[in-house]
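The following exercises concern one protein chain and are each followed by a worked solution. Please inspect the sequence and the coordinates before reading on.

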Amino acid sequence: MKSLAYLLFLLPFLPLSSSAQIISKDGVNLKEKQQKSAAYAFIAFNQTNSFRLLNENKEFITIPLGKSADETPLNVWSYGLGINAALARFLRFEGGISYLQTGEQYSFQEDMGGDSTFAYQNKYRYFAMPCQVKFEYGKKLRFSFGVGIMPQLFNAYRQDQQWTTYLGGKNDNTIKSNTTCNTFGLSLIGSTGLHYVSQKTWGIFIQMTYREQLTNTFTRYGDYVHKSKGLGYTIGISKNIE
């Protein structure tokens, strides 16, 4: 009789305890999962039509732009690894490391159909850390756009030259030294694109990208004030890590 009375006393509390546990654990976790997509790691490949803003360096020795004024954009490739994680339901942070290239090119041909030509391609190479705050909406197919900054550490300079003489002889040369390149750079970056994530948590994405350098590529003793910019696209593969 006492056992029955004890059981009747406990019965009202059993559903309450069970219910409280679901709300405090499973319910909250489910709500969070519905609001925030999983963090993911990615590898990215970027092609950019790179150009520059170029002006005379009036703080040191003013040198006319000369043939540099006729430079044109150059397509360059960059590569990166990164992580994208949720800050809120639609707000995310993306950061990583990349091998970044910027550049421009020049081409000359002698007037009146002459055989003499001269061309070069400049490439500036950096280790960079792109960081963006992104708005991302969707489940399997997601739309995103973001803005951020990209610190850059100078790694190498390369100028490839090609020319032909009036007799038709072809020559080439490579210059790998430029002592006036700045060791540090900073750029503004932006992106917009689509990201598809499969049920197995692998994904692919494509983005339009823009970057504009805020700092001078050269030091105060360089011939010019050079600031790179470019418009391009990025393709990549992602994998959820949560």
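Glu94 and Lys134 are both buried. The model that shows this is a predicted one, and the exercises start from this pair.

**Exercise 1. Determine how Glu94 and Lys134 interact and where each lies in the chain.**

Step 1. The side chains of Glu94 and Lys134 form a salt bridge, with an N to O distance of 3.2 Å.

Step 2. Glu94 belongs to strand β3 (residues 91-109) and Lys134 to strand β5 (residues 131-137). The pair, 40 residues apart, thus connects distant parts of the chain.

Step 3. Side chains of opposite charge can pair when their charged atoms come close.

**Exercise 2. State how far the confidence values support a reading of the model, and identify a stretch with pLDDT below 50.**

Step 1. The mean pLDDT of the protein is 86, and 84% of the residues reach 70 or more.

Step 2. Residues 1-26 have pLDDT below 50. Beyond near neighbours in sequence, this stretch has 3 contacts in the model.

**Exercise 3. Count the salt bridges and describe the others that can be named.**

Step 1. The count is 5 salt bridges, taking a side-chain nitrogen of Lys or Arg within 4 Å of a carboxyl oxygen of Asp or Glu.

Step 2. One of them joins the side chains of Arg52 and Glu71, at 2.8 Å from N to O. Arg52 is in strand β1 (residues 40-56), while Glu71 is in the loop between β1 and β2 (74-86), so the salt bridge ties together parts that are 19 residues apart in sequence. Both Arg52 and Glu71 are buried.

Step 3. Another joins Asp160 to Arg158, whose closest N and O atoms are 3.0 Å apart. Asp160 has a relative accessible area of 16%, so Asp160 is classed as buried, under the 20% limit. Arg158 has 25%, so Arg158 is partly exposed.

Step 4. Salt bridges also link Arg92, Glu136 and Arg142 in a network.

**Exercise 4. Assign the side chains of strand β9 to its two faces, and find the strands that pair with β9.**

Step 1. In a regular strand the side chains alternate between the two faces of the sheet.

Step 2. Strand β9 covers residues 202-213. On one face are Gly203, Phe205, Gln207, Thr209, Arg211 and Gln213, which are buried. On the other are Trp202, Ile204, Ile206, Met208, Tyr210 and Glu212, which are not buried.

Step 3. Strand β8 (residues 184-197) runs antiparallel to β9 and is joined to β9 by 11 bridges. Within this pairing, Ser191 has Thr209 as its bridge partner. The two strands form a hairpin with 4 residues between them, and Thr201 in the turn has a positive phi of about 70 degrees.

Step 4. Strand β10 (residues 224-240) is also antiparallel to β9, again with 11 bridges. Here Arg211 is the bridge partner of Gly230.

**Exercise 5. List the residues of the largest nonpolar core and state which strand gives the most to it.**

Step 1. The largest nonpolar core consists of 9 residues: Leu100, Tyr124, Tyr126, Ala128, Met150, Tyr157, Cys181, Ile189 and Phe218.

Step 2. Strands β4 (117-128) and β6 each supply at least two of these residues. Strand β4 gives the most, namely 3 residues.

Step 3. In soluble globular proteins, nonpolar side chains tend to be buried together.

**Exercise 6. Characterise the surroundings of Tyr124.**

Step 1. Tyr124 is placed in strand β4, and with a relative accessible area of 3% Tyr124 is buried.

Step 2. Leaving aside neighbours within four places in sequence, the contacts of Tyr124 include Leu100, Tyr157, Cys181, Phe218 and His226. Tyr124 and Cys181 are 57 residues apart in sequence, yet 8.8 Å apart from C-alpha to C-alpha.

Step 3. The side chain of Tyr124 also makes a polar contact of 3.1 Å with the side chain of Glu104.

**Exercise 7. Decide whether Thr164 is buried or exposed, and find the polar partner of its side chain.**

Step 1. Thr164 lies in strand β6 (residues 141-164). Its relative accessibility is 18%, so Thr164 counts as buried.

Step 2. The side chains of Thr164 and Thr117 are in polar contact at 2.7 Å.

Step 3. Not counting residues up to four places away in sequence, Thr164 touches Asp115, Ser116, Thr117, Gly169 and Lys170.

Key
Residues numbered from 1 in each chain as written. Predicted model: local features only at pLDDT ≥ 70, side-chain atom pairs only at ≥ 80, totals over all residues. Heavy atoms only, no water. pLDDT = per-residue confidence, 0-100. Contact = heavy atoms within 4.5 Å. Buried < 20%, exposed > 50% of the residue type's maximum accessible area, 1.4 Å probe, protein only. Pairing = 2+ DSSP bridges. Polar contact = N/O pair within 3.5 Å; in protein donor to acceptor, adjacent residues only side chain to side chain. Core = buried A, V, L, I, M, F, W, Y, C linked by side-chain atoms within 4.5 Å.
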